[in-house]
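Biologist: Could you take me through this structure slowly, one question at a time, and show how each answer is reached?

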Amino acid sequence: MRTYTVALAGNPNTGKSTLFNALTGLKQHTGNWSGKTVSLASGNYEYKDTRFRFIDLPGTYSLFSNSADEEVARDYIIFEKPDVTLLVLDSTALERSLNLALQVLEMTDRVIVCLNLMDEAKKKGIKIDARKLTDQLGVPVIPISARNNDGLDTLSEQLLLMCTGQTRTTPYRMKYNEQLESQISRLESELRDIFGDEYPSRWLAIRFLDGDQKLIATLKHRLSVSDKGGMTHGAAQALGSSNSGHSC
Ligand SMILES: Nc1nc2c(ncn2[C@@H]2O[C@H](COP(=O)(O)OP(=O)(O)OP(=O)(O)O)[C@@H](O)[C@H]2O)c(=O)[nH]1
Ligand SMILES: [Mg+2]
């Protein structure tokens, strides 16, 4: 049986572990306070002769290098390359959740968005147009209530479609001002010289321009381990710069 890997990402307290438990039948700790999931629990779920291996990532508000949790979640998505990243959003606080969603959409095009806590949203009179959000984000958006097992069949079906390559996505990518966009595209092509298509080059370029030193150190380390040679002068400068990464 083929096994696909599905990473659960989202803000703290959005119900990732509740969804993980509902699908895998395991008992990952859940509760109404943040920061519970610190290590990576994994569990299997079978649907229509397909096995999904779920990874319960720590809850974070962003995926930069602000904390160990952010690095763990980010590194998993970038370096482990799950077949799908399942973004679990809180339907009652969508605006807050969308910040992380936009970051994940820069990192991978294999994303499914779950609008969790729909039961709470309904109680509060919050209406969300999932179809419109699907159009705007460019990836499937599925309303669910993990605690009540609502919407999980639709979600399973979508997981199967995406893992088997039957869903095409066009993830929304932020557009920056002209000056920044030209720096991004220059750096992007330098980074592609080093890494090819190994990592999402636009996302990498943006992280470099933001001066994400921990990410740069991780990449340098991985590069030295894999011993890839032949990098261009600009790329070497980009990786070697110790401040902002503004090498171009
Ligand atoms: N009403 C309602 N509550 C939910 C739902 N899903 C999760 N919860 C509750 O939300 C709280 C947080 O759920 P968790 O599953 O622990 O959230 P998490 O995203 O794993 O949290 P971290 O590990 O801190 O990132 C718990 O009290 C859950 O019972 C849902 O669909 N509806
Ligand atoms: Mg959790």
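Biologist: In this predicted model, between which two helices is the loop that holds T169?

Modeller: The model is a predicted one, and in it T169 sits in a loop rather than in a helix or strand. The two helices on either side of that loop are α6 (152-163) and α7 (178-195).

Biologist: Is T169 buried or exposed?

Modeller: A residue counts as buried when its relative accessible area is under 20%. The relative accessibility of T169 is 18%, so T169 counts as buried.

Biologist: Which residues does T169 touch, leaving aside residues up to four places away in sequence?

Modeller: One of them is P140, which is 29 residues from T169 in sequence, although their C-alpha atoms are 7.8 Å apart in space. With residues up to four places away left out, the residues that T169 touches are D109, V111, G138, V139, P140 and M162.

Biologist: How far apart should the ends of helix α3 be, given its 14 residues?

Modeller: Helix α3 covers residues 94-107, and each residue is taken to add 1.5 Å. The expected span uses one less than the number of residues. The end C-alpha atoms of α3 are 20 Å apart, which agrees with the expected value of 20 Å.

Biologist: Which elements help to cover the buried residues of α3?

Modeller: The buried residues of α3 include L94, S97, L100, A101 and V104. Among the elements that cover the buried residues of this helix are α2 (68-80), β4 (84-90), β5 (111-116), α5 (130-137) and α8 (201-209).

Biologist: How is α3 set against α8: parallel, antiparallel, perpendicular or oblique?

Modeller: The axes of these two helices come within 7 Å, and they cross at roughly 120 degrees. Angles of 65 to 115 degrees would count as roughly perpendicular, and those over 145 as roughly antiparallel. The crossing angle therefore makes α3, relative to α8, oblique.

Biologist: Which residues of α8 meet Q103, E106 and M107 of α3?

Modeller: By class, the contact between α3 and α8 has 3 nonpolar, 1 polar and 2 charged residues. On the α8 side, the residues that meet Q103, E106 and M107 are R202, W203 and I206.

Biologist: Is R202 buried or exposed?

Modeller: R202, which lies in helix α8, touches E106, R173, M174, K175, Y176, E181, I184 and E188 when residues up to four places away in sequence are not counted. Its relative accessibility is 15%, and for this reason R202 counts as buried.

Technical notes
Residues numbered from 1 in each chain as written. Chains lettered and ligands numbered in written order. Predicted model: local features only at pLDDT ≥ 70, side-chain atom pairs only at ≥ 80, totals over all residues. Heavy atoms only, no water. Helix = DSSP H or I, 4+ residues; strand = E, 2+ residues; numbered from the N terminus. Buried < 20%, exposed > 50% of the residue type's maximum accessible area, 1.4 Å probe, protein only. Contact = heavy atoms within 4.5 Å. Axes fitted to C-alpha atoms, helices over the stretch in contact; angles between N-to-C directions. Parallel < 35°, antiparallel > 145°, perpendicular 65-115°, else oblique. Nonpolar A, V, L, I, M, F, W, Y, C, P; charged D, E, K, R; others polar.
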